[in-house]
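Colleague: Mind walking me through this one? I'd like to poke at it bit by bit.

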Amino acid sequence: MSAKEVNTTNRLSNHLALLLPGTMVSLDIVTPAGQRGKFRTFFIGYLPKKYVLVQFPDSNKLGNFTSFISQGTSITVRGLIEGHEGSVVAFASTVKQTLQMPSRMIVLEFPKKVTLQSLRSSLRIDVNIPVKVKIDNEYWKGIISNISVNGCQITINNGESLTLTSNKKIQIIVEDFLGLQNINLSADVCNVKSQVEGVSLGVKFVNESKENVTKLVQHAVVAEI
């Protein structure tokens with residue numbers, strides 16, 4: 001084995017080692033038909049250059065995705081790292097096999113690339129978070145479709161009558177997102193786009209909301225959406 005191969009293997013292993021056994025991770029699965037699912041489970045461990053082990057997600061939540069967790073299926077794994085101010089380890093791999101004993105596990109090929117990214121960077125996550133948006137003392141129902149620690153995209157159905165300009169301040173209330181409740185965020189509107197059934201808002205979070213934003217983004221990394 002060359003020195004370059006050793007260094008690459010060591011670097012990948014060092015990044016994976018940041019995921020402690022028992023850490024909650026998300027599995028992104030895409031079926032051959034293009035259907036996408038995201039499921040929570042737990043990281044078990046790995047053997048350098050050989051494989052990565054994760055717990056099989058809850059079958060009741062997997063539904064028809066269960067049949068696609070088989071040899072050769074592509075899966076993207078993401079997990080939060082404790083003590084790194086909200087950093088994320090992510091890698092793409094394929095299913096090597098599944099095990100039934102001693103418990104249901106997925107054996108993944110050892111990844112060729114493992115990324116380590118801080119939530120404080122431009123990491124943007126696709127989500128589906130129901131929210132209430134307060135604009136000029138009126139409340140509108142909306143959906144956050146993607147989010148980073150800096151801003152998000154919100155779709156408001158039936159919001160054609162809204163008159164919004166750049167830098168207009170709004171309040172975003174997350175009442176319940178998979179157990180995370182009553183998160184209040186303040187933001188400035190950056191852009192407004194008309195859609196078939198409403199408007200899409202691009203917003204930037206104000207500094208006072210950064211703590212709650214970080215909490216929401218961390219929750220979204222391993223959310224089942």
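**Cysteines, sheets and a barrel**

Colleague: Let's start with C152: is it buried or exposed, and what's its relative accessible area?

Modeller: Quick ground rules: this is a predicted model, where local features need pLDDT of at least 70, side-chain atom pairs count only at pLDDT 80 or more, and totals for chains, interfaces and linings use all residues. Residues are numbered from 1 along each chain as its sequence is written, and side-chain values use heavy atoms, with hydrogens and water left out. Buried means under 20% relative accessible area, exposed over 50%, and partly exposed in between, using a 1.4 Å probe and protein chains only. C152 is buried, because its relative accessible area is 2%.

Colleague: How many disulfides are there, and how far is C152 from the nearest cysteine sulfur?

Modeller: A disulfide here is a pair of cysteine sulfur atoms within 2.5 Å, and the structure holds 0 of them. C152 is in no disulfide, its nearest cysteine sulfur being that of C190. Those sulfurs are too far apart for a bond because the separation is 9.7 Å.

Colleague: And what's the relative accessible area of C190?

Modeller: C190 doesn't count as buried or as exposed, but as partly exposed. That's because its relative accessible area is 39%.

Colleague: How many helices and strands does the protein have?

Modeller: Both are DSSP runs, numbered from the N terminus: H or I over at least four residues for helices, E over at least two for strands. On that basis the protein has 3 helices and 13 strands.

Colleague: In what order do the strands of the barrel close up?

Modeller: Two strands pair if DSSP finds at least two bridges between them. 6 strands close into the barrel with antiparallel pairing, in the order 8-9-10-13-12-11.

Colleague: How are neighbouring strands turned in that sheet, and which helix packs on it?

Modeller: Axes are lines fitted to C-alpha atoms, for helices over the stretch in contact, with angles from 0 to 180 degrees between N-to-C directions; contact means heavy atoms within 4.5 Å. Neighbouring strands are turned by 45° against each other on average, direction ignored. The helix touches strands 8, 9, 11, 12 and 13, and its direction makes about 90° with that of strand 12. Its residues are 210–221, and it's helix 3.

Colleague: Within the barrel, what is the bridge partner of K193 in strand 13?

Modeller: Strand 12 (residues 180–195) and strand 13 (residues 198–205) run antiparallel, joined by 8 bridges. There, K193 is partnered with S200.

Colleague: Moving to strand 1, how many of its 7 residues are buried?

Modeller: Strand 1 covers residues 24–30. It pairs antiparallel with strand 2 over 7 bridges and with strand 4 over 5 bridges. The strand is mostly covered, with the buried count at 5.

Colleague: Which residue in the turn between strand 1 and strand 2 has a positive phi?

Modeller: L27 of strand 1 stands opposite F39 in strand 2. The two strands form a hairpin with 5 residues between them. The turn residue with a phi of about 95° is G34.

Colleague: What does I29 stand opposite in strand 4, and what's the bridge partner of R78 in strand 5?

Modeller: On the strand 4 side, I29 faces I75. Strand 4 is in turn joined to strand 5 (residues 87–99), antiparallel, by 8 bridges. R78 has as its bridge partner A90.

Colleague: Strand 5 gets around; what is the bridge partner of L99 in strand 6?

Modeller: Strand 5 pairs antiparallel with strand 7 over 5 bridges, V89 being matched with L116. It also joins strand 6 by 4 bridges, through a hairpin of 5 residues. L99 pairs there with M105.

Colleague: And T98, which residues does it contact outside its neighbours within four places in sequence?

Modeller: T98 sits in strand 5 and is partly exposed, because its relative accessibility is 31%. Its C-alpha is 8.3 Å from that of F56, 42 residues away along the chain. Its contacts are F56, I69 and M105.

Colleague: Last one: where does the pLDDT fall below 50?

Modeller: pLDDT is the predictor's confidence in each residue, from 0 to 100. Its mean for the protein is 85, and 89% of residues reach 70 or more. The stretch below 50 has 2 contacts beyond near neighbours in sequence, and it is residues 1–7.
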